[in-house]
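Reader: I have a structure on my screen and would love to talk it through with you. Could you show it here so that we look at it together?

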Amino acid sequence: MTTSTLVPKEVLGVYRPGSAHMVGDGFPVRNLFPSNELDQAVDPFLLLDYAGPQIFGPTDHPRGVGEHPHRGFETVTIMYQGAVAHRDSAGNAGVIGPGDVQWMTAASGVVHEELHEADWARKGGIFQAIQLWVNLPRSRKMSAPGYQTLLNAEIPKAELAGGAGHVRVIAGSFQGRKGPAHTVTPVELYDLAVVAGHRAKLNLPDGHNTSVFVVQGLVSMNGSRDAEEAELIVCRRNGSLVVIEAREDSRILILSGQPIGEPIARYGPFVMNTKLELVQAVEDYKAGKMGHLS
Ligand code: MN
C-alpha cells in the first residue's frame, strides 16, 4: 500500500506552551500538557515539560531536583543539550547526554533525584531536554519499578525518502527499524530532523494518539498552521498518515501511542485511577515504602 491511499490523521489543534517555571533549581520548563487540558487527546501521555534551552554557569553544586517520589507511570527524559544524572531507590542510576534517553518506570513507586551531571555542571553550558510522562494501565501501576538508559549509539536511525532528513527510533518501529525502549503499552517515540523545504511522510497506527512537538524550526502537519519552537501539534486518533512540511531546518519529536482509556487521578508526582489510590500513595511514601536514596 502506498502512502497516497492512507487516511491522514486530522489535526485537533496547535498548542502553545505555558509560561516558564523552575522545577527544582535546574529545569527551567514550559509545559505543553496537562496545562492545555488535552487529556484524552494525548492519552497514554500525561505530561510534556520542555526544559530550556537555557545557559547555566559553571558550578561545583549540580542543580536539579533532589529526592522526590513517583508512582503509577513512567518518566522519559530526552536530552538535546547538557547532561543529567539519575539515581533512584530501586538501586538504578545512569547518566544521559545529547541524543540519549532515560526511561524510568516508577510503577509501584520510587524515590529518585535528577541532577545536572557533575562534570557538565562544572563547565556549564546550554541545557535543553524534554520530560514526558507515560501512563501505565491499571494492571501495571503497582508492578516493580524499572529503568532503561537508551544511549544515542543504540537508537537506530532511518533516512527519510528524497533526502528529507532522518528519523531516530526511540520506541516503536519505523521502516523496519525497532527502537530500543521496552514499553508497557504500544508507543512510538521518534526524534526527527527534517530539512527546510522538504516533507516527511510517516505511517502511524490508526487509533493511536499522535502529536508533534517542535524542538527547533518551523513545521506544519497535515495542513495545520505553522508551528514554531515549543509548540505542539495534536492529531485526532483516527487515520494513519502524517505529513510534516518543514519551512526551516527542523528538529521535532513525534509522540504516539495506543490510548489506555482508564480514569486518571493525579496528585503531584502520583498518577493513579482513583482518589483513594492517591491517598494510599501519599501514605506509602510517608511511611518510607517507596524507599530512600542511599
Ligand atoms: Mn522525577
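Reader: By class, which residues make up the lining of the largest pocket?

Author: Happy to start there, bearing in mind that this is a predicted model. The largest pocket holds about 290 Å³ of space. Among its 17 lining residues, V23, F27, V65, E114 and Q131 are the closest to the centre. Sorted by class, the lining has two charged, five polar and ten nonpolar residues.

Reader: Which element gives the largest share of that lining?

Author: Four elements each give two or more residues to the lining: β3 (27-33), β4 (45-56), β5 (64-70) and β11 (125-135). The largest share is four residues, and the strand that supplies them is β11.

Reader: Which residues coordinate the manganese ion, and at what distances?

Author: In sequence, the donors follow the spacing H-x1-H-x41-H-x1-E. Three histidines, H68, H70 and H112, each use NE2, and E114 uses OE, at 2.1 to 2.3 Å.

Reader: Is E114 buried or exposed?

Author: Buried means under 20% relative accessible area. E114 has 7% relative accessibility, so this glutamate counts as buried. Another donor, H112, has 0%, so H112 also counts as buried.

Reader: What about S211: is this residue buried or exposed?

Author: S211 belongs to strand β19, residues 209-216. Beyond its neighbours within four places in sequence, S211 is in contact with V42, L232, I233, V234, L253, I254 and L255. Its relative accessibility is 2%, so S211 counts as buried.

Conventions:
Residues numbered from 1 in each chain as written. Predicted model: local features only at pLDDT ≥ 70, side-chain atom pairs only at ≥ 80, totals over all residues. Heavy atoms only, no water. Donors = N, O, S within 2.8 Å, 3.2 Å for Na, K, Ca; no water. Buried < 20%, exposed > 50% of the residue type's maximum accessible area, 1.4 Å probe, protein only. 1 Å grid on protein atoms, 1.4 Å probe; cavity = no way out; pocket = protein on both sides within 12 Å on 5 of 7 lines; lining within 4 Å. Points joined across faces, edges and corners; volume = space filled by probe spheres on them. Nonpolar A, V, L, I, M, F, W, Y, C, P; charged D, E, K, R; others polar. Contact = heavy atoms within 4.5 Å.
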